[in-house]
Amino acid sequence: MSTFLASRLLQTVPTVFLVTVAVFLMLHLTPGDPAEVFLGDKRSSPELLEKVREDMGLNRPLHQQYLSYMGNALRGDLGRSLQTNVPVMEQILNRLPWTIELAGAALLIAACVGISLGLIAAIAHNSALDTAAMALALVGISMPVYWSSLLLILLFAVHLRVLPAIGQGGLERLILPALALALVSAGSLARMVRSSMLEVLNQDFVLTARAKGMPKRLVLLRHVLRNALIPVVTMLGLMLGNMLSGAVITETIFARLGLGQKYVEAVLQKDFTMVQGTTLFIALMYVFVNIVVDVVYAFIDPRIRYD
Amino acid sequence: MTDPPATLELSRQPHWRRFFSRFLRSRNVMAGALALFVVISLVALAPAISPYAPTEQFRRQRLQPPNAEFLLGTDNLGRDIFTRILYGGRISLQVGIISVAIGATLGTLLGLLAGYLGGWADVLIMRFIDMMLAFPGILLALVIIAVLGRNLQNVMIAVGLSSIPVYTRVVRGSTLALKQVDFIVAARALGGSSMRIMAWHILPNVLAPIIVVATNGVAGAIIAGAALSFLGLGQQPPDPEWGLMLNEGREFIRVAAWVTTFPGLAIMATVLAINLLGDGLRDILDPRLKL
């Protein structure tokens, strides 16, 4: 297990390195003078530009700039926002809990709805119920998150008036955005659980269990379900990625002051250091989550041995 | 070696005919294709069908509910929503198709190179792909927009580039498997150059999964493109685009739900049609492909 962990971590090194290089280079890939990017929409005189270049170290060779950027980043210093002059890291940490709350709730809903829908479809294979469940899943996948968000607001906040449309804090303000964010993932999860269940149902050990007189319900519970849900774990990391990027949209619609909303705001305001810092933070977090998922997967699937 | 041997052509004919008859029998494919045909016709014929111009404002008729004069109602500036959906669809479909063309071309090329050449090319390309995959979902497109600037053209580039990894992975996998097959080994033994083998022998044989991924990819690109316009990073007012229309109607959702409902329905219907078609194509062309 420890060898597996070590090799998995080692595999991540080039990815993390390339991610940091790409995020660092963002500034230099932007058309125009990097110093002008830092000045934003402010009027720039040659003296001012030169001063910015000097202050930001833009006159130094690229690799030195990268090393000092990374050196600062490792100490948790991602620079200051060009708009508010607040440290980027501070803003990220302020916003992060709201996004984690949203993504966590959405993940929970997606898992409950997706897995049950997939199970129902697989157990009632080739019946009307199966068709209905899969049609529902297809609709879920085809619903853009901004559209489902607006529909949920329309239904629960405007017509039924049971839940608030915007804001954050408290369960009642979490339900709608989490539901909207969960729909797409629930749809794809349902399809995956169904095909994974059908695969396991065709295995010999299921037939054996039935043949020795085990009741169908017990076979499903003890043998099929446990095996069929293993691949679902690998999807969790991917789903969390979708949640993080979907939060960009749901947070904007539901006016939640989370990391995703901040990100869009930063892109719109051309707040370059904020975009750069947040991008780095989210990407590294995502890479880390995927390592955890892989390790958990190796733990729970006894068929996989990493030596 | 200028033309592929004639026998190959002969054996290919019934192959495609068999597929074609399966397309006709697949309910998913036919339903999806029919719905998509309706959408494309409506959008293509926008100037002929639409009663007004997409930016024409009827100041006295703001936020009118659907009626005989304005089939799907009007928005806050008194513009006909039906007209705007038809014209907006041109942009949304264009974004979907061009992004996929960009992503599929570059992704396939990288996948072929990685799979066929192997060695360092493979390592370099796949590390690069891993790097791209570290930016989940729409985030990569957002980063690219942040770098290139926000407009519709950059939306297509951003959405296209961020879809590269799917194609590269699928094509690389298929190429690796094909490399061991006899006819490729034979082609190499006969001295065919790498470029030639990739273009003439491997590419035609990895087209099936590419078509499946690309079909569903158009749906994803339409959703992503509309999302970026929704966030204010793509199409700019006053021209219509589905995501932009949704965003513009958002403010008025309490008093005039139709302003958001209809563009949303348009996106969903189009995406649903494409996904149906894609699922059907997958079942026929490449049942083992897991998406």
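Here are some notes on the two-chain model above, going from chain A to the contact between chains and then to the core.

1. First, keep in mind that this is a predicted model. Chain A is helical in its secondary structure, with 13 helices and 0 strands. Read from the N terminus, its elements simply go α-α-α-α-α-α-α-α-α-α-α-α-α.

2. As for overall dimensions, the C-alpha atoms of chain A occupy a box of roughly 85 × 60 × 30 Å along the principal axes. Chain A has 307 residues, and 39% of them count as buried. If you take its contacts between residues at least 6 apart in sequence, 72% link residues at least 24 apart.

3. One helix of chain A to look at is α6(A), residues 128-142. Its 15 residues reach 21 Å from first C-alpha to last, close to the 21 Å expected at 1.5 Å a residue. The buried positions here are A133(A), A137(A), L138(A), G140(A), I141(A) and S142(A). What do the buried residues of α6(A) pack against? Within chain A the partners are α5 (88-123) and α8 (175-201), and α12 of chain B joins them.

4. Now the contact between chains: 34 residues of chain B are in contact with 38 residues of chain A. On the chain B side, α5 (119-133), α6, α10 (194-230), α11 (242-250) and α12 (258-285) each supply at least two residues. The largest share is that of α12(B), with 7 residues. By class, this side of chain B has 25 nonpolar, 5 polar and 4 charged residues.

5. Helix α6 of chain B (residues 139-148) deserves its own point. Why call this helix largely enclosed by the rest of the structure? Because 9 of its 10 residues are buried. Those are L139(B), L140(B), A141(B), L142(B), V143(B), I144(B), I145(B), A146(B) and V147(B). Just past the end of α6(B), G149(B) adopts a positive phi of about 105°.

6. The same stretch turns up again in the largest nonpolar core, which has 164 residues. Which members touch the most others? They are A141(B), L142(B), I145(B) and A227(B). By element, α10(B) gives the most to this core, with 18 residues.

7. For a closer look at one of those members, take A141(B), which is also among the buried residues of α6(B). Setting aside neighbours within four places in sequence, A141(B) is in contact with A158(B), V159(B), S162(B), A224(B) and L228(B).

Note on methods. Residues are numbered from 1 along each chain as its sequence is written. Chains are lettered from A and ligands numbered from 1 in the order in which they are written. This is a predicted model: local features need pLDDT of at least 70, side-chain atom pairs count only at pLDDT 80 or more; totals for chains, interfaces and linings use all residues. A residue is buried if 20 or more other C-beta atoms lie within 10 Å of its own, exposed if 12 or fewer, and partly exposed in between; C-beta atoms are placed from the backbone. Helices (H or I, at least four residues) and strands (E, at least two) are DSSP runs, numbered from the N terminus. Two residues are in contact if their C-beta atoms, placed from the backbone, lie within 7 Å. Ala, Val, Leu, Ile, Met, Phe, Trp, Tyr, Cys and Pro count as nonpolar, Asp, Glu, Lys and Arg as charged, and the others, Gly among them, as polar. A nonpolar core is a set of buried Ala, Val, Leu, Ile, Met, Phe, Trp, Tyr and Cys residues joined through C-beta atoms within 7 Å. The expected span of a helix is 1.5 Å times one less than its number of residues.
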